[in-house]
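Please open the model in your viewer and keep the sequence panel beside it, since each stop on this tour begins with a selection.

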Amino acid sequence: REEAPSLSRRNWFEIQLFDPTELKRTLDLYDAKEGRARAFLATVAKKPATRRLHAPPDLDAIRALSIRFPNFHPVIDLVESMAALSHAQPRSPLVLPPLLLAGSPGIGKTAFAMALAEVLGLEWSVFGMAHSTASFDLGGLDAGYGNGGPGLLTRQLALGEHADRFVILDELDKTPRDRNSDPLGPLLELLEPATAARFMDEGIKVCMDMSHLRWLATANDIEQIEAPLRSRFAVFEIAPPTTVQASATVRSIYRDLLQASAWGVHFSAYLEVEVLDALRGRTPRDAKSSLLLACGRARRDGRNYLTVLDLDPPAASTRRIGFI
């Protein structure tokens, strides 16, 4: 009972990213042959060891995601619930478990991940895991190698203003593996708060507190992800949208397209029923592409609204979302 007042006075929005004494000691060990790592540590040594964490996100902005991504409601509910905790007095940074979104291609997983990053107000990084070839993408490479140095996450955190970021691991199930290189190796440490708090990048050999990273991975087939790694995520199977949800998604895609484009002011904010019906069976990715081309055709013909004739028929290979 007596500890509560002191805890309430704690600054929850500042952490020590690294130990300055450890960094200086490591820096002194490097020689000219390890110039890349040495130069990086020398730059970091000039920056404060204490870094800020972002304020908790706006609850209304999180709820609004349900309008744009209605079939992602279970994920949005979790994020909103955790954000509600962070708004309790005294306020504290948002804590999220690593999220894994599984579902068919083109259903909007990556678009949702980027939209969530914006709503959370965090700087974000995207790793296309299908093209990841070595563990140093995430965990660095020993400075003894010719191209050795810190990994991307270490560089972003150490040189940035904040100690928290949103990290998107796109197509985690497609990560290439071989006997000599495991791109996923560092994740086993990074996804566990206890080990992430003392994560050592192989490129600089200095521990940094990476426990405040927020993680979201996407996958088409979670069975391709090994159980030890999969167990570190809160897994969500993203179902195809219902007919009603699909209509709302198409309207949201169209609205976002107009708002993001200079020419959007020339178009009606409403879609004809026939256009809506023609698009709601397509994936969000296909719907956005079709709407963009349709707007071009309508403008060419001098109209400020779309008709079904502006739409190309779905390609024979297009995977439809299968509404009732």
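Where is the place of Pro90? Select Pro90 and you will find it in the loop between helix 5 (73-86) and strand 3 (99-102). Display the backbone here as well, for the peptide bond from Gln89 to Pro90 is cis, with omega near -5°.

Before going further, keep in mind that this is a predicted model, and colour the chain by pLDDT. The average over the chain is 87, and 89% of the residues score at least 70. Now select residues 317-324, where pLDDT stays under 50, although the model has 19 contacts for this stretch beyond four places in sequence. Where pLDDT is low, the predicted coordinates should not be read in detail.

**Two loop residues with positive phi**

Select Glu171, which lies in the loop between strand 5 and helix 9 and has a positive phi of about 60° although it is not a glycine. Its relative accessible area of 27% makes Glu171 partly exposed. Go next to Lys205, in the loop between strand 6 and strand 7 (207-208), where a positive phi of about 60° again appears in a residue that is not a glycine. Lys205 is partly exposed, at a relative accessible area of 29%.

**Two buried residues**

Select Asp170, found in strand 5 (residues 166-170). Is Asp170 buried or exposed? With a relative accessible area of 16%, Asp170 is buried, because buried means under 20%. Show the surrounding side chains too: leaving aside neighbours within four places in sequence, Asp170 is in contact with Thr110, Phe127, Gly128, Met129, Ala130 and Thr218.

Move on to Ser252, which you will find in helix 12 (residues 243-259). Ser252 counts as buried at 1% relative accessibility, and, once neighbours within four places in sequence are set aside, it is in contact with Ile67 and Arg68.

**The pockets**

Keep helix 12 in view and turn to the largest pocket, which has a volume of about 800 Å³. To centre the view on the largest pocket, select Phe69, Gly108, Ala111, Pro284 and Arg285, which lie nearest its centre among the 40 residues that line it. Which element gives the largest share of this lining? Helix 12 does, with eight residues, while helix 6 (109-120), strand 8 (214-219), helix 12 and helix 14 (284-300) each supply at least two. If you colour the lining of the largest pocket by class, it divides into 18 nonpolar, 10 polar and 12 charged residues.

For the second largest pocket, which holds about 390 Å³ of space, select Leu94, Val95, Leu96, Ser211 and His212, the residues nearest its centre out of 22 in the lining. Helix 10 (193-196) and strand 8 each supply at least two residues of this lining. By class, the lining of the second largest pocket has 17 nonpolar, three polar and two charged residues.

**Salt bridges**

A search of the whole structure finds 14 salt bridges, and the tour closes with a few of them. Select Arg198 and Glu22, whose closest N and O atoms are 3.9 Å apart in a salt bridge. Arg198 lies in the loop between helix 10 and strand 6 (199-200) and Glu22 in helix 2 (residues 20-29), so the pair ties together parts that are 176 residues apart in sequence. Within this pair, Arg198 is exposed, with a relative accessible area of 53%, whereas Glu22 counts as buried at 11% relative accessibility.

Next, select Arg232 and Glu192, which form a salt bridge with the closest N and O atoms 3.7 Å apart. Arg232 is in the loop between helix 11 (227-230) and strand 9 (234-237), and Glu192 is in the loop between helix 9 (187-190) and helix 10, so this pair ties together parts that are 40 residues apart in sequence. Arg232 counts as partly exposed at 22% relative accessibility, and Glu192 is partly exposed with a relative accessible area of 33%.

Finally, select Asp301 and Arg303, which form a salt bridge whose closest N and O atoms are 3.4 Å apart. Then extend the selection, for salt bridges that share partners join Arg300, Asp301, Arg303 and Asp310 into one network. Within this network, Asp301 is partly exposed, with a relative accessible area of 45%, whereas Arg303, at 16% relative accessibility, counts as buried.

Definitions and conventions. Residues numbered from 1 in each chain as written. Predicted model: local features only at pLDDT ≥ 70, side-chain atom pairs only at ≥ 80, totals over all residues. Heavy atoms only, no water. pLDDT = per-residue confidence, 0-100. Contact = heavy atoms within 4.5 Å. Helix = DSSP H or I, 4+ residues; strand = E, 2+ residues; numbered from the N terminus. Buried < 20%, exposed > 50% of the residue type's maximum accessible area, 1.4 Å probe, protein only. 1 Å grid on protein atoms, 1.4 Å probe; cavity = no way out; pocket = protein on both sides within 12 Å on 5 of 7 lines; lining within 4 Å. Points joined across faces, edges and corners; volume = space filled by probe spheres on them. Nonpolar A, V, L, I, M, F, W, Y, C, P; charged D, E, K, R; others polar. Salt bridge = Lys/Arg side-chain N within 4 Å of Asp/Glu carboxyl O.
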